[in-house]
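Keep the sequence and the model side by side. The tour below starts with charged pairs, moves to a helix, and ends at an internal space.

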Amino acid sequence: MRLGVLDVGSNTVHLLVVDAHPGACPLPAHSHKAELRLAQLLDDGAIGPHGVDRLVSVIKEALQAAEDKGVEEVLPFATSAVREARNADAVLDRVRAETGVELQVLTGSEEARLTFLAARRWFGWSAGKLLVLDIGGGSLEVAYGIDEEPDAAASLPLGAGRLTAGWLPGDPPDPEDVRALRRHVRTEIARTVGEFSRLGTPDHVVATSKTFKQLARIAGAARSAEGLYVQRELKRESLEGWVPRLAAMTGQERAELPGVSEGRAGQLLAGALVAEAAMDLFGVERVEICPWALREGVILRRLDHMESE
C-alpha cells in the first residue's frame, strides 16, 4: 500500500510518501515539504494567528499532494512546537475543522522511542546496544537500548530552532550569547547523562536529523546524492573545530557551506553546540548518521500494527 506520513515539525511540515507492506523495507516514493518554523512563530508561548493560518494552508497543500500521489492512508503527527504551544488545543481544533486532519501530538518520549525504532531497524541487531541522538527544531531526543524498545529515552528542549530564536539574536551572534548558550546546553544535557551511563557503554552511537546530516556534510561526509547506503559519520574532533568557525559566520555565509540549506543555515550554530555537547558529555568520539528517523519510525510502527491485525 502507499502510505503518507505527515510530520508537523518545529521547522517544516513534511509529507513523506512511501510504498510499504508488512515485512518489507518502506520505499520512498515522494517528498513534499514546506518550511514553517513554528518554533520561531511562537508569540508569548502561543502560535499566533498568522502561524495557524499558514499551518492550515500548508496541511491542505500536503493533503492535495498525498491525493495526487495515490496515498491510501495518511499518518499525521505533530512534535514539540505544537505540543508546547499554549494554545495547542485551539490549533488542533482549527486544523481538524478546516482540513479534517486529526493531528496526533507525540510526547517527547514517543519521539525518542519511534526514532530509536527506525535506527534499530536500519542498523539491525548486529549493532548491539544503540545510543541514538536526534536534534530537531524544538527538542533533542536521546534513546538507548538493545531491543527495538529503548531502555531509556529522554527529550530535552534543546532544538536548534528554539535555541536560535531564544538565545542567538545577532547575525553573526554575539560571542557572549554563544558562550551563554553553550553553558545552558551543557547544563541541560548533563542532568540526563547519569540515566544513560548507568546502562553501560553503547556498542554503536547513531545520529539522525537534518542538523547532524548537515554537520557531517560540512565535516567531509558524502553528499546525499551519493545515496542512502553510503556510510556517513561525524567525529567530535571535527565538530569541535567547526563550532568556532560557525560562530564567526553570518547565516548567509553558513548557507554557502556544502550541504547547508538557506532555511537551516541560521540555526546551524545552535545545532552544532547541542551536537558537540551531547557527544562530549556522553563520551562519544564519533556518530554514524542514520538515514531513517522519526517519520520512518511512525511508518514502521503502523506496519507492525497492520501485521498484527
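Start at Arg179. Its relative accessible area is 41%, so Arg179 counts as partly exposed. Note that this is a predicted model. What does the side chain of Arg179 meet? It meets Glu176 in a salt bridge, with 2.3 Å from N to O. Glu176 is partly exposed too, at a relative accessible area of 46%. Both residues sit in helix α7, which covers residues 175-197. They are 3 residues apart, about one turn of the helix.

Helix α4 offers another pair of this kind. Here Glu98 forms a salt bridge with Arg94, and the closest N and O atoms are 2.4 Å apart. The helix spans residues 88-99 and holds both partners. Their spacing is 4 residues, again about one turn of the helix. Glu98 has a relative accessible area of 37%, which makes it partly exposed. Arg94 is partly exposed as well, with a value of 27%.

Now turn to the strands. Asp19 and Arg2 join their side chains in a salt bridge of 2.7 Å, N to O. This pair links distant parts of the chain, with the two positions 17 residues apart in numbering. Asp19 belongs to strand β2 (residues 12-19), and Arg2 to strand β1 (residues 2-8). How accessible is Asp19? Its relative accessible area is 31%, so Asp19 is partly exposed. Arg2 is also partly exposed, at 25% relative accessibility.

Some charged residues go beyond simple pairs. Arg186, Arg236, Glu240, Asp280 and Glu285 are linked in a network of salt bridges. Across the structure, the count comes to 23 salt bridges.

Next, look at helix α8, residues 210-218. Which of its residues are buried? They are Thr211, Phe212, Gln214, Leu215, Ala216 and Ile218. Take Thr211, which lies in this helix. Thr211 has 5% relative accessibility, so it counts as buried; the cut-off for that is under 20%. What does Thr211 touch? Setting aside neighbours within four places in sequence, Thr211 is in contact with Ile135, Ala160, Leu268 and Gly271. Follow the chain past the helix. Just after α8, Gly220 takes a positive phi of about 115°.

Finish with the empty space. Rolling a probe the size of a water molecule over the atoms shows where such space is left. How many cavities of 30 Å³ or more does the structure hold? It holds 1. The largest cavity contains about 30 Å³ of space.

Which residues line the largest cavity? The lining is made of Leu16, Val18, Pro26, Pro28, Trp292, Glu296 and Ile299. Two elements each supply at least two of the lining residues: strand β2 and helix α13 (294-308). Strand β2 has appeared before, as the strand that holds Asp19. By class, the lining has 6 nonpolar residues, no polar ones and 1 charged residue. Glu296 is among the lining residues, and Glu belongs to the charged class.

Technical notes. Residues numbered from 1 in each chain as written. Predicted model: local features only at pLDDT ≥ 70, side-chain atom pairs only at ≥ 80, totals over all residues. Heavy atoms only, no water. Salt bridge = Lys/Arg side-chain N within 4 Å of Asp/Glu carboxyl O. Buried < 20%, exposed > 50% of the residue type's maximum accessible area, 1.4 Å probe, protein only. Contact = heavy atoms within 4.5 Å. 1 Å grid on protein atoms, 1.4 Å probe; cavity = no way out; pocket = protein on both sides within 12 Å on 5 of 7 lines; lining within 4 Å. Points joined across faces, edges and corners; volume = space filled by probe spheres on them.
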